[in-house]
Amino acid sequence: MKRSKPEIEQMLELLKRRLRKKGWTGRRLAQEFDVGEATVKRWLVGRGLTVESLAGLAALVDWSIADLARESEDLNLDLRDELTLAQERALSCDSLLSLLFITLLGGLSPAELQKDFRIPEQRMEAALAKLARLALIDILPSGRVRPLVERAIVWGKSPMRERFEASMKGQFMAMDFAAPEIDYASEVLKLSDKGRASLTELIEQHRRDVQALCEHDRAETNLPRKWYAMLCAAGDLDPDLVARNI
């Protein structure tokens with residue numbers, strides 16, 4: 001392969017992201033190529049990777065090696081996983097801006113969002129321009145929008161949490177959890193501080209798994225899709241309140 005090491009590393013990083021979005025785990029890849037998982041891991045860091053193996057991996061995400069090289073050329077791999085306070089404040093002050101940003105992270109196009117939520121074209125264009133000024137997205141010459149933030153973003157500041165409290169929490173609380181079309185699971189737990197930290201990691205991993213499911217579903221089926229809202233939360237349980245109800 002007549003490419004420099006940094007270029008190959010960039011191609012492989014892009015390929016790994018694309019494979020994850022398509023639902024290809026290390027185990028699935030090993031089964032697909034009839035090799036061990038350790039071999040797959042070596043391939044994905046560029047060790048022992050042949051042109052044929054790279055072409056086979058790229059084909060799983062509907063790319064050729066040329067497609068992979070072309071896509072990686074204009075890709076900024078240094079994506080942030082956390083916003084600045086100013087960015088979160090800007091998003092939290094505008095319902096459309098926050099919804100647009102979150103759905104773009106999810107791989108949806110502005111046109112899809114505009115159609116489903118009946119957003120005027122001029123308002124959509126203004127929102128996209130503002131996200132670009134905030135350095136949250138890049139609008140490419142082709143018109144395609146590319147987020148500059150990791151999808152598994154960490155909402156560590158208070159503004160977006162306050163936006164959720166004001167605009168989304170009520171919709172979850174209004175759900176009829178006895179209705180057959182509502183999917184939910186609940187658990188009562190007793191954990192140490194260490195266990196609570198592990199639970200937080202599990203919730204984040206679950207969110208990433210659901211994101212991968214959405215990418216796979218969008219890529220693999222032409223069936224109609226609907227909007228869903230999912231909330232995973234854990235908080236302190238008041239024993240006195242429970243005692244009054246038993």
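## Close-up views of a predicted model

**Figure 1. The whole chain, before we zoom in.** Of the contacts in the protein with a separation of 6 or more, 70% are between residues 24 or more positions apart. Keep in mind that this is a predicted model. Its secondary structure adds up to 13 helices and four strands. Laid along its principal axes, the C-alpha trace spans about 70 × 50 × 35 Å. There are 246 residues in the protein, and buried ones make up 28% of them.

**Figure 2. Helix α6 and what covers it.** This view picks out helix α6, which runs over residues 85-92. Its buried residues are Gln87, Glu88, Ala90, Leu91 and Ser92. So what sits over those side chains? Both helices and strands help out: the cover for the buried residues of α6 includes β1 (80-82) and β4 (149-154), along with α7 (95-105), α9 (121-133) and α10 (158-167).

**Figure 3. Where α7 crosses α9.** Two of the helices that cover α6 get their own close-up here. The axes of α7 and α9 come within 10 Å and cross at roughly 70°. Angles from 65 to 115 degrees count as roughly perpendicular, so that is the word for how α7 sits against α9. By class, their contact has nine nonpolar residues, no polar ones and two charged ones. On the α7 side you'll find Leu96, Leu97, Leu100, Phe101 and Leu104. Facing them from α9 are Arg123, Met124, Ala127, Leu128, Lys130 and Leu131.

**Figure 4. The second largest pocket.** About 1,500 Å³ of space lies in this pocket, the second largest. It is lined by 48 residues, and the closest to its centre are Arg17, Arg18, Lys21, Arg151 and Glu215. Sorted by class, the lining has 20 nonpolar, 19 charged and nine polar residues. Which helix gives the largest share of the lining? That would be α12, with ten residues. Helix α12 covers 193-220, and it is one of several elements that each supply at least two lining residues. The others are the helices α1 (5-21), α2 (26-33), α3 (37-43) and α7, plus the strands β3 (145-147) and β4. Two names here should ring a bell: α7 and β4 also help cover the buried residues of α6.

**Figure 5. Ile65 in helix α5.** Ile65 lies in α5, a helix made of residues 65-73. Is Ile65 buried, partly exposed or exposed? Its relative accessible area is 25%, and buried means under 20% while exposed means over 50%, so Ile65 is partly exposed. If you skip its neighbours within four places in sequence, Ile65 is in contact with Met11, Val51, Leu54 and Ala55. For a sense of distance, look across to Ala132: the C-alpha atoms of Ile65 and Ala132 are separated by 30 Å, and the two residues are 67 apart along the chain.

**Figure 6. Two loop residues with positive phi.** Asp62 is not a glycine, yet its phi is positive, at about 65°. You'll find Asp62 in the loop between α4 (51-59) and α5. With a relative accessible area of 60%, Asp62 is exposed. Arg118 is another residue other than glycine with a positive phi, near 55°. Look for Arg118 in the loop between α8 (110-116) and α9. Arg118 is exposed too, with a relative accessible area of 71%.

Key: Residues numbered from 1 in each chain as written. Predicted model: local features only at pLDDT ≥ 70, side-chain atom pairs only at ≥ 80, totals over all residues. Heavy atoms only, no water. Buried < 20%, exposed > 50% of the residue type's maximum accessible area, 1.4 Å probe, protein only. Contact = heavy atoms within 4.5 Å. 1 Å grid on protein atoms, 1.4 Å probe; cavity = no way out; pocket = protein on both sides within 12 Å on 5 of 7 lines; lining within 4 Å. Points joined across faces, edges and corners; volume = space filled by probe spheres on them. Nonpolar A, V, L, I, M, F, W, Y, C, P; charged D, E, K, R; others polar. Axes fitted to C-alpha atoms, helices over the stretch in contact; angles between N-to-C directions. Parallel < 35°, antiparallel > 145°, perpendicular 65-115°, else oblique.
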